[in-house]
Amino acid sequence: MNCDFSVYVFLGELGLSGEIRPITTVLPAVIGAKGSGVTKFIVPKENETEAALVEGAEVYGARSLVEVYNHLMGIKPLKRVLKTDFSNDTAFAVDFSEVKGQEQIKRGIEIAVAGGHNVLMVGSPGSGKSMIAKRIPTIMPKMTFDEILEVTKIHSVAGVLKDGGAVTERPFRSPHHSASLVSLVGGGQKAKPGEISLAHNGVLFLDELPEYRKDVLEALRQPLEDGYVSVSRAAGSYTYPARVMLVATHPAATKTIRFAS
(Lines give C-alpha, C1' and ligand atoms only; values in the text may rest on other atoms or scores of the structure.)
Protein backbone atom coordinates (compact mmCIF):
# COMPACT_ATOMS: atom_id res chain seq x y z
CA MET A 1 0.00 0.00 0.00
CA ASN A 2 1.31 3.42 -0.93
CA CYS A 3 1.13 6.18 1.67
CA ASP A 4 1.70 9.88 1.10
CA PHE A 5 4.11 10.80 3.88
CA SER A 6 4.15 14.43 2.74
CA VAL A 7 0.77 15.13 4.34
CA TYR A 8 2.18 14.41 7.82
CA VAL A 9 4.54 16.20 10.15
CA PHE A 10 6.48 13.85 12.42
CA LEU A 11 7.71 15.15 15.78
CA GLY A 12 9.67 13.31 18.47
CA GLU A 13 12.99 11.83 19.44
CA LEU A 14 13.68 8.37 18.05
CA GLY A 15 15.51 5.98 20.38
CA LEU A 16 17.91 3.27 19.22
CA SER A 17 15.36 0.57 20.02
CA GLY A 18 12.64 2.33 18.01
CA GLU A 19 10.78 4.02 20.85
CA ILE A 20 9.53 7.56 20.30
CA ARG A 21 10.47 9.86 23.17
CA PRO A 22 8.78 13.14 24.16
CA ILE A 23 10.32 16.47 23.18
CA THR A 24 9.83 20.16 24.00
CA THR A 25 8.33 22.89 21.77
CA VAL A 26 5.72 20.54 20.27
CA LEU A 27 2.90 23.07 20.54
CA PRO A 28 4.74 25.92 18.76
CA ALA A 29 5.88 23.44 16.08
CA VAL A 30 2.31 22.26 15.44
CA ILE A 31 1.03 25.84 15.28
CA GLY A 32 3.76 26.78 12.79
CA ALA A 33 3.17 23.74 10.58
CA LYS A 34 -0.59 24.25 10.72
CA GLY A 35 -0.08 27.79 9.48
CA SER A 36 1.78 26.35 6.48
CA GLY A 37 -1.17 24.17 5.56
CA VAL A 38 -0.24 20.84 7.18
CA THR A 39 -3.04 19.34 9.28
CA LYS A 40 -1.83 15.82 10.19
CA PHE A 41 0.70 15.21 12.94
CA ILE A 42 2.27 12.15 14.53
CA VAL A 43 3.84 13.02 17.88
CA PRO A 44 5.15 11.16 20.94
CA LYS A 45 2.38 9.73 23.10
CA GLU A 46 3.39 12.01 25.99
CA ASN A 47 2.99 15.11 23.79
CA GLU A 48 -0.36 14.24 22.19
CA THR A 49 -2.54 16.33 24.53
CA GLU A 50 -0.33 19.36 24.01
CA ALA A 51 -0.39 19.00 20.21
CA ALA A 52 -4.16 18.50 20.10
CA LEU A 53 -4.72 21.99 21.53
CA VAL A 54 -4.35 23.44 18.03
CA GLU A 55 -7.70 23.94 16.33
CA GLY A 56 -8.07 21.81 13.19
CA ALA A 57 -4.94 19.72 13.81
CA GLU A 58 -5.35 15.96 13.26
CA VAL A 59 -3.06 14.53 15.93
CA TYR A 60 -1.96 10.94 16.53
CA GLY A 61 0.22 9.83 19.47
CA ALA A 62 2.70 7.00 18.99
CA ARG A 63 5.04 5.15 21.36
CA SER A 64 7.25 3.46 18.77
CA LEU A 65 8.33 3.51 15.15
CA VAL A 66 6.43 0.26 14.62
CA GLU A 67 3.18 1.97 15.59
CA VAL A 68 3.90 4.77 13.12
CA TYR A 69 4.61 2.26 10.33
CA ASN A 70 1.43 0.29 11.04
CA HIS A 71 -0.59 3.50 11.00
CA LEU A 72 0.83 4.77 7.73
CA MET A 73 0.42 1.41 6.01
CA GLY A 74 -3.13 0.99 7.26
CA ILE A 75 -2.28 -2.16 9.24
CA LYS A 76 -3.28 -0.76 12.62
CA PRO A 77 -4.30 2.91 12.48
CA LEU A 78 -3.61 5.07 15.50
CA LYS A 79 -6.51 6.63 17.36
CA ARG A 80 -6.92 10.33 16.71
CA VAL A 81 -6.41 12.50 19.79
CA LEU A 82 -9.40 14.68 20.60
CA LYS A 83 -9.08 18.25 21.75
CA THR A 84 -9.26 18.60 25.53
CA ASP A 85 -12.34 20.26 27.02
CA PHE A 86 -11.39 22.98 29.52
CA SER A 87 -14.95 23.99 30.38
CA ASN A 88 -14.73 22.61 33.94
CA ASP A 89 -13.61 24.88 36.74
CA THR A 90 -9.96 24.67 37.74
CA ALA A 91 -9.38 23.09 41.14
CA PHE A 92 -6.68 24.89 43.14
CA ALA A 93 -4.91 23.27 46.08
CA VAL A 94 -5.41 26.49 48.07
CA ASP A 95 -8.02 29.23 48.01
CA PHE A 96 -8.23 32.92 48.87
CA SER A 97 -11.28 32.22 51.04
CA GLU A 98 -9.03 30.36 53.47
CA VAL A 99 -7.45 33.64 54.61
CA LYS A 100 -8.97 34.58 57.98
CA GLY A 101 -8.92 38.16 59.16
CA GLN A 102 -6.62 40.61 57.34
CA GLU A 103 -9.71 42.31 55.91
CA GLN A 104 -7.93 45.49 54.83
CA ILE A 105 -5.20 43.63 52.94
CA LYS A 106 -7.68 41.20 51.37
CA ARG A 107 -9.77 44.14 50.13
CA GLY A 108 -6.66 45.75 48.69
CA ILE A 109 -5.64 42.53 46.90
CA GLU A 110 -9.12 42.19 45.40
CA ILE A 111 -8.94 45.75 44.07
CA ALA A 112 -5.45 45.13 42.67
CA VAL A 113 -6.56 41.97 40.85
CA ALA A 114 -9.64 43.70 39.44
CA GLY A 115 -7.60 46.67 38.23
CA GLY A 116 -4.54 44.79 37.03
CA HIS A 117 -2.20 46.49 39.50
CA ASN A 118 1.08 45.30 40.95
CA VAL A 119 1.28 44.93 44.72
CA LEU A 120 3.88 45.52 47.43
CA MET A 121 2.94 44.09 50.84
CA VAL A 122 4.89 45.47 53.77
CA GLY A 123 4.83 43.72 57.12
CA SER A 124 6.79 41.86 59.74
CA PRO A 125 7.74 38.18 59.20
CA GLY A 126 4.86 35.81 59.97
CA SER A 127 2.11 38.33 59.23
CA GLY A 128 0.76 36.25 56.35
CA LYS A 129 2.17 38.05 53.31
CA SER A 130 3.41 34.92 51.51
CA MET A 131 0.30 32.94 52.43
CA ILE A 132 -1.93 35.61 50.89
CA ALA A 133 0.25 35.95 47.78
CA LYS A 134 0.06 32.22 47.00
CA ARG A 135 -3.73 32.44 46.92
CA ILE A 136 -4.01 35.42 44.57
CA PRO A 137 -4.36 33.29 41.39
CA THR A 138 -7.52 31.72 42.84
CA ILE A 139 -9.41 35.03 42.61
CA MET A 140 -8.11 35.95 39.15
CA PRO A 141 -10.45 35.36 36.19
CA LYS A 142 -10.36 31.92 34.66
CA MET A 143 -8.01 31.81 31.67
CA THR A 144 -9.55 31.90 28.21
CA PHE A 145 -8.56 29.22 25.71
CA ASP A 146 -6.27 31.68 23.92
CA GLU A 147 -4.54 32.44 27.22
CA ILE A 148 -4.19 28.71 27.95
CA LEU A 149 -2.63 28.21 24.53
CA GLU A 150 -0.26 31.15 25.02
CA VAL A 151 0.92 30.03 28.47
CA THR A 152 1.27 26.42 27.37
CA LYS A 153 3.49 27.46 24.45
CA ILE A 154 5.85 29.27 26.80
CA HIS A 155 6.05 26.30 29.18
CA SER A 156 6.56 23.97 26.23
CA VAL A 157 9.53 26.00 24.98
CA ALA A 158 10.96 26.01 28.50
CA GLY A 159 10.46 22.25 28.80
CA VAL A 160 8.50 22.46 32.05
CA LEU A 161 5.09 21.14 30.97
CA LYS A 162 3.71 18.59 33.42
CA ASP A 163 2.74 15.28 31.78
CA GLY A 164 2.74 16.98 28.39
CA GLY A 165 -0.63 18.59 29.10
CA ALA A 166 -1.91 22.14 28.93
CA VAL A 167 -1.46 24.81 31.61
CA THR A 168 -5.00 25.61 32.71
CA GLU A 169 -4.28 27.36 36.03
CA ARG A 170 -2.93 30.88 36.12
CA PRO A 171 0.81 30.57 36.76
CA PHE A 172 2.32 31.44 40.12
CA ARG A 173 6.10 31.71 40.01
CA SER A 174 8.15 32.41 43.11
CA PRO A 175 11.88 32.54 42.26
CA HIS A 176 14.34 32.54 45.16
CA HIS A 177 16.09 35.81 45.95
CA SER A 178 19.39 34.24 44.86
CA ALA A 179 18.03 33.68 41.33
CA SER A 180 20.28 34.92 38.54
CA LEU A 181 19.42 37.54 35.93
CA VAL A 182 19.14 34.85 33.23
CA SER A 183 16.78 32.69 35.27
CA LEU A 184 14.38 35.60 35.85
CA VAL A 185 14.49 37.41 32.51
CA GLY A 186 15.43 34.52 30.23
CA GLY A 187 18.41 33.57 28.13
CA GLY A 188 21.14 31.00 28.50
CA GLN A 189 22.66 28.93 25.74
CA LYS A 190 19.26 28.10 24.21
CA ALA A 191 17.61 31.44 25.12
CA LYS A 192 14.82 29.84 27.12
CA PRO A 193 12.06 31.87 28.77
CA GLY A 194 12.75 33.15 32.29
CA GLU A 195 10.55 33.26 35.37
CA ILE A 196 8.83 36.47 34.27
CA SER A 197 7.67 34.78 31.06
CA LEU A 198 6.73 31.54 32.84
CA ALA A 199 4.49 33.72 35.02
CA HIS A 200 2.78 35.23 31.94
CA ASN A 201 -0.96 35.73 32.53
CA GLY A 202 -0.38 34.97 36.20
CA VAL A 203 1.58 36.10 39.25
CA LEU A 204 5.30 36.71 39.67
CA PHE A 205 6.00 36.66 43.42
CA LEU A 206 9.19 38.19 44.81
CA ASP A 207 9.36 37.42 48.52
CA GLU A 208 11.54 39.77 50.59
CA LEU A 209 12.17 42.20 47.73
CA PRO A 210 15.29 43.88 49.21
CA GLU A 211 17.11 40.52 49.13
CA TYR A 212 17.11 40.41 45.29
CA ARG A 213 20.13 41.69 43.42
CA LYS A 214 19.92 45.23 42.10
CA ASP A 215 20.72 44.24 38.50
CA VAL A 216 17.94 41.64 38.57
CA LEU A 217 15.33 44.15 39.74
CA GLU A 218 16.46 46.72 37.18
CA ALA A 219 16.20 44.13 34.40
CA LEU A 220 12.57 43.45 35.35
CA ARG A 221 11.53 47.08 34.87
CA GLN A 222 11.32 47.09 31.07
CA PRO A 223 9.44 43.76 30.71
CA LEU A 224 6.93 44.90 33.31
CA GLU A 225 6.32 48.11 31.39
CA ASP A 226 6.19 46.59 27.89
CA GLY A 227 4.58 43.21 28.63
CA TYR A 228 7.29 41.27 26.83
CA VAL A 229 11.00 40.51 27.11
CA SER A 230 13.54 40.31 24.29
CA VAL A 231 16.50 37.94 24.60
CA SER A 232 19.37 38.36 22.14
CA ARG A 233 22.00 35.70 21.60
CA ALA A 234 24.49 34.86 18.85
CA ALA A 235 22.01 32.42 17.33
CA GLY A 236 19.29 35.08 17.10
CA SER A 237 16.82 37.22 19.00
CA TYR A 238 13.78 35.86 20.81
CA THR A 239 10.75 37.68 22.18
CA TYR A 240 8.65 36.16 24.96
CA PRO A 241 5.45 37.61 26.46
CA ALA A 242 5.70 38.79 30.06
CA ARG A 243 2.37 40.26 31.15
CA VAL A 244 2.29 39.49 34.85
CA MET A 245 0.91 40.73 38.11
CA LEU A 246 3.98 41.48 40.21
CA VAL A 247 3.47 40.76 43.90
CA ALA A 248 6.35 41.57 46.26
CA THR A 249 6.85 41.65 50.01
CA HIS A 250 9.01 43.86 52.18
CA PRO A 251 9.83 43.22 55.84
CA ALA A 252 8.80 46.08 58.10
CA ALA A 253 7.33 46.69 61.51
CA THR A 254 3.91 47.73 60.22
CA LYS A 255 1.50 46.07 57.80
CA THR A 256 0.29 47.98 54.79
CA ILE A 257 -0.32 47.48 51.08
CA ARG A 258 0.77 49.55 48.12
CA PHE A 259 -0.20 49.50 44.49
CA ALA A 260 1.64 50.29 41.29
CA SER A 261 0.05 50.32 37.87
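Start your tour by selecting valine 43, which stands opposite glycine 61 in β5. This is a predicted model, where local features need pLDDT of at least 70 and side-chain atom pairs count only at pLDDT 80 or more, while totals for chains, interfaces and linings use all residues. Residues are numbered from 1 along each chain as its sequence is written, and side-chain values use heavy atoms, leaving out hydrogens and water.

**The sheet**

Now select residues 40-44 and 58-62: these are strands β4 and β5, paired in the parallel sense over five bridges. Helices (H or I, at least four residues) and strands (E, at least two) are DSSP runs, numbered from the N terminus. Two strands pair if DSSP finds at least two bridges between them. Widen the view to find an open sheet of four strands in the order β1-β4-β5-β6, with mixed pairing. At its edges stand β1 (8-10) and β6 (80-81), each with a single partner strand, so one side of each has no neighbour in the sheet.

**Glutamate 50**

Next, click on glutamate 50, in helix α2 (residues 48-51). Glutamate 50 is buried (under 20% relative accessible area, 1.4 Å probe, protein chains only). Glutamate 50 has no salt bridge (a side-chain nitrogen of Lys or Arg within 4 Å of a carboxyl oxygen of Asp or Glu). The nearest side chain of opposite charge is lysine 153, 11 Å away. Look instead at leucine 27: its backbone nitrogen lies 2.9 Å from a polar atom of the glutamate 50 side chain.

**Helix α4**

Move on to residues 103-115, helix α4. Which residues of α4 are buried? They are Ile105, Lys106, Gly108, Ile109, Ala112 and Val113. They cover an arc of only 160 degrees around the axis (taken from the directions from the helix axis to the C-beta atoms), which puts them on the same side of α4. Turn to the face pointing away from the buried side, and you meet the exposed (over 50% relative accessible area) residues Glu103, Gln104, Arg107 and Ala114. Just after α4, glycine 116 takes a positive phi of about 70 degrees.

**Two loop residues**

Most residues other than glycine have a negative phi. Select glutamine 102, in the loop between β6 and α4: its phi is positive, about 50 degrees, although it is not a glycine. Then try threonine 25, in the loop between β3 (20-21) and α1 (26-35), where phi is near 60 degrees.

**Last stop**

Finish at threonine 239, in strand β13 (residues 236-241). Threonine 239 is exposed, with a relative accessible area of 54%.

Definitions and conventions: Lys and Arg count as positive and Asp and Glu as negative; His and the chain ends are not counted. A polar contact is a pair of N or O atoms within 3.5 Å; within protein, one must be able to donate a hydrogen and the other to accept it, and residues adjacent in sequence count only if both atoms are side-chain atoms. The expected span of a helix is 1.5 Å times one less than its number of residues.
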